[in-house]
Amino acid sequence: MATLVGPVIDAEAKSALNAHIAEMSKTAKKVGEARFKVFLFKIYDAELFAQDGRFDRKGPYALRLNYLLDAKKDRIISSTVKEMKRQKAASSKVIEGWVPLMEDAFISMDKGSYADFIHTGDGRVLLTANGKLISEITDSRFITALMNVWLGPKVRDKEFQDKLMGRVK
């Protein structure tokens, strides 16, 4: 079962976020950055941060999406589901089963806002919007599928991923 701390975040989760950010900020450096576009539409600028600027999927890292347009929650969810299915991250039934988790965890994003996916390295992803903690996700299979949208082996835009992961400038 997925564990999610939804829109009402408890003090323990806030404390964990603050401690993690404080620790990571001491050594975190940008790994890479890239702009995600669909046809001619600029959707978001992405930045990947990791300790000493070296990405390790199992270690702590943070992915920031800076939105270049208004993105409605239902569109974010449907796009995420579509990409997970395209990547065959799990069966369609499992992916559809994650939709309630996404409905609780994701929010609409305004142009100029940003979302951080903070992978703590201990089996959690802390999701923030404009610096405010909005959810904590602990379902490891969902976390892998979600982060694979940008960082996995079956990404839609390999050039985007290469830039994000610092393999090319």
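User: Angles under 35 degrees count as roughly parallel, over 145 as roughly antiparallel, 65 to 115 as roughly perpendicular and the rest as oblique. With that in mind, how are helix 2 and helix 5 placed to each other?

Analyst: Helix 2 and helix 5 are roughly perpendicular, because their axes cross at roughly 95 degrees. The axes come within 9 Å, with helix 2 covering residues 73-86 and helix 5 covering residues 140-151. Axes here are lines fitted to C-alpha atoms, for helices over the stretch in contact, and the angles run from 0 to 180 degrees between N-to-C directions. Helices (H or I, at least four residues) and strands (E, at least two) are DSSP runs, numbered from the N terminus.

User: Before we go on, what sort of model is this?

Analyst: This is a predicted model, where local features need pLDDT of at least 70 and side-chain atom pairs count only at pLDDT 80 or more, while totals for chains, interfaces and linings use all residues. Residues are numbered from 1 along each chain as its sequence is written, and side-chain values use heavy atoms, with hydrogens and water left out.

User: Cool. Which residues meet where helix 2 touches helix 5?

Analyst: On the helix 2 side you have Thr80, Glu83 and Met84, and they meet Phe142, Ala145, Leu146 and Val149 of helix 5. Contact means heavy atoms within 4.5 Å. By type, the residues of this contact are five nonpolar, one polar and one charged. For those labels, Ala, Val, Leu, Ile, Met, Phe, Trp, Tyr, Cys and Pro count as nonpolar, Asp, Glu, Lys and Arg as charged, and the others, Gly among them, as polar.

User: How far does helix 2 reach?

Analyst: From first C-alpha to last, helix 2 reaches 20 Å with its 14 residues, close to the 20 Å expected at 1.5 Å a residue. The expected span is 1.5 Å times one less than the number of residues.

User: And which of the helix 2 residues are buried?

Analyst: Ile76, Ile77, Thr80, Val81, Glu83 and Met84 are buried. They sit on the same side of helix 2, because they cover an arc of only 165 degrees around the axis. That arc is the one of the directions from the helix axis to the C-beta atoms. Buried means under 20% relative accessible area, exposed over 50%, and partly exposed in between (1.4 Å probe, protein chains only). On the other side of helix 2, Asp74, Arg75 and Lys82 are exposed.

User: What do the buried ones pack against?

Analyst: The buried residues of helix 2 pack against strand 4 (61-67), helix 3 (92-97), helix 4 (99-105) and helix 5. Take Thr80: its relative accessible area is 10%, and it touches Met102, Phe106 and Leu146, not counting residues up to four places away in sequence.

User: Which residue with a positive phi follows helix 2?

Analyst: That's Lys88, with a phi near 55 degrees. Most residues other than glycine have a negative phi. Lys88 lies in the loop between helix 2 and helix 3 and is exposed, at 64% relative accessibility. Asp52 also has a positive phi of about 55 degrees although it is not a glycine. Asp52 is in the loop between strand 3 (41-51) and strand 4, and it is partly exposed at 39%.

User: New topic. Is Phe117 buried or exposed?

Analyst: Phe117 is buried, with a relative accessible area of 6%, and it lies in strand 5 (residues 114-119). Leaving aside neighbours within four places in sequence, its contacts include Tyr61, Leu65, Leu127, Leu146 and Trp150.

User: What about Gly121, where is that?

Analyst: Gly121 is in the loop between strand 5 and strand 6 (125-129), and it is partly exposed at 34% relative accessibility. Gly121 and Pro60 are 61 residues apart in sequence, and their C-alpha atoms are 4.4 Å apart in space.

User: Zooming out, how many helices and strands does the protein have?

Analyst: The protein has six helices and seven strands. From the N terminus on, they run β-α-β-β-β-α-α-α-β-β-β-α-α. Of its 169 residues, 44% count as buried. Among the contacts with a separation of 6 or more, 58% are between residues 24 or more positions apart.
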